[in-house]
Structure formats: structure tokens, C-alpha cells
Amino acid sequence: MRKIDPADEAQLFATIDRWVEREVAPRVKEFDHADRWPAEIVEQMKELGLFGATVSQDYGGLGLPATTYAQIVMKISAVWMAITGIFNSHLMLALAVEKFGTEPQRRHWLPRFASGEIRGGLALTEPNAGTDLQAIRMTARRDKGDYVINGTKTWISNGIEGSCFALLVKTNPEASPRYSGMSLFIAPKGPGFTVGRKLEKLGYHSIDSGELVFQDYRIPADHLIGEVEGRGFTQVAGGLELGRINVAARGVGIAEGALRLATDYAQLRHTFGKPIIEHQAIALKIGEMATRARAARLLTLDAAQAFDRGDRCDMEAGMAKYFASEAALENSTESMRIHGAYGYSKEYDIERLYRDAPLTCIGEGTNEMQRLIIARQWARRSQA
Ligand SMILES: Cc1cc2nc3c(=O)[nH]c(=O)nc-3n(C[C@H](O)[C@H](O)[C@H](O)COP(=O)(O)OP(=O)(O)OC[C@H]3O[C@@H](n4cnc5c(N)ncnc54)[C@H](O)[C@@H]3O)c2cc1C
């Protein structure tokens, strides 16, 4: 079980709070409105060690427990959720290598990932396959000491600015069951690997979402994670719990950020001779938003604690992800309404939270799928 000294954790949180206040908050509108890659902020994230937040100290990371990591994500997301995607997707790549890679793979890749020297993400989705990942068409064919990869990935976070991805492919497209023919590779950019286009989005700006095209892309066989074919689907599923805790933490951040903005505004704005927070209709909204944000935080910490104990926590992570992302959506909508016309203005921060929130309902498994996973696990545990 991973642990952190409470004094070290408090110091880390204070450092993150200071950084968000001094470096992120003053510049977020400028980057977000231009949908510009925040190069300076990424450099600062490297210095803070965020690209190695959950990588073990043995391999140059901070080795943080999920509870500490989740609270860092909450703090940043309360101001600007999108930048947490720059290190979170990258940490999913690192997790796959640390958990399922061979020792030489860990020694080679993890220190470079942890320092941010090599940055990237997780490339699973294809134009025809998102939720139904076993329907992917990308193939890797063995050719002596190499694999030759062909196909297209889409919606890949960090796809343009990143340089290395955990790439899910079919090494045996005819396999039955389908998952037994799937493998996961460490795929650095090189000949045969090109970026198709940058995808334009409603929100989640500044982090690039790209289409990645592979045409006779050749990599050495030692880039197959674990160096055994057919384990890719299980390896991807093995990272889902931490991935969902991370998206839940982003939802908590947005839900709390939206609440804070609404509370501040409702205390300042007067109508009919008093601050609008004193009108019962607005007070009821604030009461509901505060309760949702707190419940989302507690569910997320509950899942993170289970993860840190090494317990099975697919149901807990699913509940946290589902509830916190819906809380983000509802709180950002209500906060925007409390801001009246100013909620619709690009001069106020709430419009960004309102545009960013829906992604948390889609990423790391849609909320439709989360409820199915929760129900299945709930039924199984109820029998025991
Ligand atoms: C901004 C952004 C960033 C992303 N980053 C990444 C990334 O870094 N790497 C990556 O690999 N992918 C990434 N994705 C892709 C994301 O993971 C997928 O969009 C997601 O898994 C859903 O897949 P889909 O869009 O193909 O929807 P579909 O699978 O086509 O689903 C469409 C709808 O049907 C529902 N549905 C599907 N199957 C079922 C079922 N069996 N039962 C009930 N409902 C069902 C879904 O919930 C959804 O509402 C990103 C997406 C976005 C928008």
C-alpha cells in the first residue's frame, strides 16, 4: 500500500495551491479562448513532478497514493480541468508499463516518462470503436524481430504534442474471444506514424485531441508491453480503476469550482434590495450544489482509499466517476444560471467550466456504461 507522510502531503498541496493561484488562474482565459497549447504551464508541470505523480519512486516518480493524486487533480480542475488531461493520460501510459511491462521496459521508459522528457498518452479509440474496444481494426503483424502496424486512432489526448503512446492493436484479428487477440504496444513517433488532424472541440481546449495514422509503422518486438501477445485488453482494463478515479477527481474539481464561483457571485449581485443568495430560489440551488460537490468528493476519496489498500474497487471507481461527472455537469449548469447574463459571457470563468464538464461524462467509459458496470458488480456482491 502506498503511503505519504501527512506533512509532506500538506506541503505538496500548498505548493499546488500556490502554483494554481499564481501561474494557472491568471492565464487560463488567454490559453483556453485561443485553444493554445500551454507550453509554459507544461514546463512548470514537469518541474512539479506531475508527469511522474503515480510512477514509483524506484523509477524516478513521486510514487503518490491515489488519494493524494486525486486531491491534486481536484485542486487543479477547480480552476482549469483541461490541463490535468496533459499529465493524466500520460500517467495511464506509464501505469501500463509499470504494471504490465518487463523489468527492462520499466527501467528504460519509466524514468523518461516521469521526468516529462517523453510525454504521451493512451491510444485506444478508433473511428468505428470507442465503447466496444474489442471492435478495433488496427493490426500489428509480426515480421522477424519487428511488428508492422497499420490503422487509425482518433480522439487521442496529447496526440499532437505528445511523442509516445500505449497503442491497442489486434495481433490476431481472427481470435475468439476477440479480446484474446489484442495487444498493447509502446509506440513512439517515427516513420509510418503521422498525425492526421487536430480535432476541434466544444471545450477541453488547449490539450490537443488528435487523429493518429499508422501506415506500415515498424517497431521492435521489445515494444510489446510484457512481451507476450494477447494480453492488451486485460492490460487496458487493469488501468481503468485509476483512470476512473482520475476522471472522478476532475468532476469533483469542476463541481467545487462552479460552486465557488456561484457562491461568490450570489453574494455580490443584488436584486430587489438584497444579495441574490438571500432569495430562497438561489439559496436552494447553492444548497444542492454544495451537497453534490461534497458527496462527489467523498465517493472519490472512498474509491481512492480502496485503490490504495489494494482492494478490488471497480464498483467504487465507477460510482465515483459516474456521480462526480454528473455533479460537474449539474453544478456548472446551475452556476451559469445563477450568473444570469454574465454566465453566458466569455469574460467570466463559469462558461469554461460549463463547456469542460460534459467530457467527464464521456471519458474513461461513458456514464451509460458506468451504470451497467456498477449494476453488474452490485448484483455479484449482493449474492456473496
Ligand atoms: C475530448 C476527448 C478526449 C478523448 N481522449 C481519448 C484518449 O486519450 N484515448 C482514447 O483512446 N480515447 C479518447 N477519447 C475517446 C473516448 O474514450 C470515447 O469517445 C468513448 O469511449 C466513447 O466512445 P464513442 O465516442 O465511440 O461512443 P460509442 O461507443 O459509439 O457510444 C455512443 C453512445 O452509445 C452508448 N453505448 C455504447 N454502447 C453501449 C451499451 N452496450 N450499452 C449502453 N449504451 C451504450 C454510449 O454510452 C454513448 O452514449 C476521447 C474522447 C473525447 C471526446
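The ligand lies between domain 2 (121-230) and domain 3 (239-383), because both give residues to the shell around it. This is a predicted model: local features need pLDDT of at least 70, side-chain atom pairs count only at pLDDT 80 or more, and totals for chains, interfaces and linings use all residues. Residues are numbered from 1 along each chain as its sequence is written.

Start with the ligand. It is surrounded by 20 residues, counted when the C-beta atom, placed from the backbone, lies within 6 Å. The closest are L124, G130, T131, S157 and T366. The elements giving two or more residues to this shell are β1 (120-123), β3 (146-157), α11 (350-362) and α12 (367-383). By class, the shell holds nine nonpolar, nine polar and two charged residues.

Now turn to the domains. The assignment, automatic or from a database, also gives domain 1 (6-115). The C-alpha centres of domain 1 and domain 3 lie 21 Å apart. Their contact takes 20 residues from domain 1 and 22 residues from domain 3, with C-beta atoms, placed from the backbone, within 7 Å. On the domain 1 side, α2 (28-34), α4 (66-80) and α5 (82-100) each give two or more residues. Helix α4 gives the most, with 10 residues. That side has 13 nonpolar, five polar and two charged residues.

Last comes a helix pair. Helix α8 (residues 240-268) packs against helix α9 (residues 280-309) at an angle of about 155°, with axes 9 Å apart. So α8 is roughly antiparallel to α9, a term for angles over 145 degrees. Their contact comprises 18 nonpolar, three polar and four charged residues.

Methods: Axes are lines fitted to C-alpha atoms, for helices over the stretch in contact, and angles run from 0 to 180 degrees between N-to-C directions. Helices (H or I, at least four residues) and strands (E, at least two) are DSSP runs, numbered from the N terminus. Angles under 35 degrees count as roughly parallel, over 145 as roughly antiparallel, 65 to 115 as roughly perpendicular and the rest as oblique. Ala, Val, Leu, Ile, Met, Phe, Trp, Tyr, Cys and Pro count as nonpolar, Asp, Glu, Lys and Arg as charged, and the others, Gly among them, as polar. Two residues are in contact if their C-beta atoms, placed from the backbone, lie within 7 Å.
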